[in-house]
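I opened the model today to look up a few helix contacts, cores and backbone details. My notes follow in the order I took them.

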Amino acid sequence: MFQYLVPFLLLAVPTLALPAPGACTTLPENIDFTTNPALPNPFAFLDGTPVVTPEQWACRREEIGQLFQRFELGTLPPRPEQVSGSFSNGVLTVNATEAGKSISFTVPITPPKNLTLAGKGPFPAVIAVGGASVPIPSDVALINFNNNDIALQNDQSSRGVGKFFTLYGSNHSAGALIAWTWGIGRIIDVLETTPGHNIDVKRLGVTGCSRNGKGAYVAGAFEERIALTLVQESGSGGAGCWRISDDMLNKQNITTQTASEIVQENVWFSPNFNPFVNEVTVLPFDHHMLAGLVAPRGLLVIDNTGIDWLGPESVWGCQTTGHLIYEALGIPSSMGITQEGNHDHCALPADEAPDVSAFISRFLKGQNVNTTVFDTDGPNNVGFVPSTYINWNVPKLH
């Protein structure tokens, strides 16, 4: 594990210039779904045009986000007509109104535990989706997000239940993951406009484990104001790729979560995803591309090689492939991947804690530390063979 000083590391969180409105084409109404067992090329547009410049990547990134929303996650609504809030006694209240309907929810903010920081700030903070399973440093605040309040995730009966759907209707296309992302966006809206909380809104992270890790990854992908995404043991539908998980089950007889299982289990994804779960190879995207939506911001993927259900080969293969996007952008150390087994689900091993600390130190505290984390304890890269899934080249986009 790595947490050493690097003399010439840039301290500023890198940003990607977003394309101007109308600069990129929107998805065509009809898309030709062609079977492709390899992980789709992030560096080629849907029409096959190669991505060879940073400007083209900005538009390809926009296209990838549209694909995820249309065919897997559901549509992420923009900021509502009215957003307001308040902060009192350690609790942030968020109010939102759209088309005559209103909701309100609260999130507790725990200030840094380091008592020597009293009266100082503003402080960086981590938004914890359903609570934090990674260590939060004593000089970083914690914002606990009750994601079930926004979109319930008990089972299939949870479809359309939660305050997001009170506002937008129970038939809205969003699955729970994109609804939680919307909720996190509203938290940040209120943090930006409400005094007294002592949080630095330019230094926000998000984390979650298991199903909430799926939510943290999607939030980091679609909420540009998040500087650091910490994804813990999220499995298929999070850091795992649908194609590799299917292959693990069908070709290796490893019991792991797949797309066809996941839509029967819960409502994390849009109903628009259902037609594809038995033929994921026709999807023009997979979850290695989530890394491209987070990029160039900080991303640490934490996984467990000891739980087959999480699909450790799928996660390692998917995210090492996603790391190629960070490499193309010239920022390989802004994304880390670490896998270790022999521990309970969502229990962070002691020797992985320094990796979390390093990413928080760099991306939330602006410190000069090495975030080169690229490690698995699974033999032979947990069985992942890149040539099986990668049949494209990586351009230089920086």
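**Helix α4 against helix α5**

I looked up how α4 and α5 pack in this predicted model. Their axes come within 8 Å and cross at roughly 60°. That makes α4 oblique to α5, because angles from 65 to 115 degrees would count as roughly perpendicular and those under 35 as roughly parallel. The crossing of α4 past α5 is right-handed.

Which residues of α4 meet α5? I listed Leu177, Ile178, Trp180, Thr181 and Ile184 on the α4 side. On the α5 side I found Arg211, Asn212, Lys214, Gly215, Val218, Ala219 and Phe222.

**Helix α1 against helix α5**

I then turned to α1, residues 54-73. The axes of α1 and α5 come within 11 Å and cross at roughly 140°. I entered α1 as oblique to α5, because only an angle over 145 degrees would count as roughly antiparallel. This crossing is left-handed. From α1, the contact uses Arg61, Gly65, Phe68, Gln69 and Leu73. From α5, it uses Val218, Ala221 and Phe222.

Val218 and Phe222 are also listed in the contact with α4.

**Helix α5 itself**

Helix α5 covers residues 211-222, which is 12 residues. From its first C-alpha to its last it reaches 17 Å, close to the 16 Å expected at 1.5 Å a residue.

Is α5 enclosed or open? I found 11 of its 12 residues buried, so the helix is largely enclosed by the rest of the structure. The buried set includes Lys214, Tyr217 and Phe222. It also includes the glycines Gly213, Gly215 and Gly220.

**Helix α9**

I checked α9 in the same way. It runs over residues 312-328 and has 17 residues. Its reach is 24 Å, close to the 24 Å expected at 1.5 Å a residue. Here 16 of the 17 residues are buried, so α9 is largely enclosed by the rest of the structure. Just after α9, glycine 330 takes a positive phi of about 80°.

**Nonpolar cores**

Next I looked for the nonpolar cores. The largest has 99 residues. Which of its members touch the most others? I noted Phe68, Phe145, Trp180, Ile184, Leu191, Tyr217 and Leu299. Helix α4, residues 176-193, gives the most to this core, with 11 residues.

A second, separate core holds 15 residues. Ala227, Leu230, Ile302 and Val373 are among them.

I followed up phenylalanine 145. Leaving out residues up to four places away in sequence, its contacts include Phe105, Val107, Ile127 and Val129. They also include Trp180, Ile184 and Ile187, and Trp180 and Ile184 are in the α4 contact with α5 as well.

**Cis peptide bonds**

I went through two proline bonds. The bond from glycine 121 to proline 122 is cis, with omega near 0°. Proline 122 lies in the loop between β3 (101-110) and β4 (123-129). The bond from alanine 295 to proline 296 is also cis, with omega near 10°. Proline 296 is in the loop between α8 (288-294) and β8 (298-303).

**Positive phi outside glycine**

Where does asparagine 89 sit? I placed it in the loop between β1 (82-88) and β2 (91-98). Its phi is near 55°, a positive value in a residue other than glycine. Its relative accessible area is 80%, so I entered asparagine 89 as exposed.

Alanine 99 is in the loop between β2 and β3. Its phi is near 50°, again positive in a residue other than glycine. At a relative accessible area of 62%, alanine 99 is exposed.

**Two single residues**

Is serine 361 buried or exposed? At 5% relative accessibility, it counts as buried. Serine 361 belongs to helix α10, residues 353-363. Beyond residues up to four places away in sequence, it touches Gly366, Gln367 and Val369.

Alanine 132 is in the loop between β4 and β5 (141-145). At 33% relative accessibility, I entered it as partly exposed. With neighbours within four places set aside, alanine 132 is in contact with Leu142, Asn144 and Thr207. I also checked alanine 132 against glycine 213, 81 residues apart along the chain: their C-alpha atoms are separated by 9.9 Å.

Definitions and conventions. Residues are numbered from 1 along each chain as its sequence is written. This is a predicted model: local features need pLDDT of at least 70, side-chain atom pairs count only at pLDDT 80 or more; totals for chains, interfaces and linings use all residues. Side-chain values use heavy atoms; hydrogens and water are left out. Helices (H or I, at least four residues) and strands (E, at least two) are DSSP runs, numbered from the N terminus. The expected span of a helix is 1.5 Å times one less than its number of residues. Buried means under 20% relative accessible area, exposed over 50%, partly exposed in between (1.4 Å probe, protein chains only). A nonpolar core is a set of buried Ala, Val, Leu, Ile, Met, Phe, Trp, Tyr and Cys residues joined through side-chain atoms within 4.5 Å. Contact means heavy atoms within 4.5 Å. Axes are lines fitted to C-alpha atoms, for helices over the stretch in contact, and angles run from 0 to 180 degrees between N-to-C directions. A crossing is left-handed if the near helix is turned anticlockwise from the far one by less than a right angle, and right-handed if clockwise.
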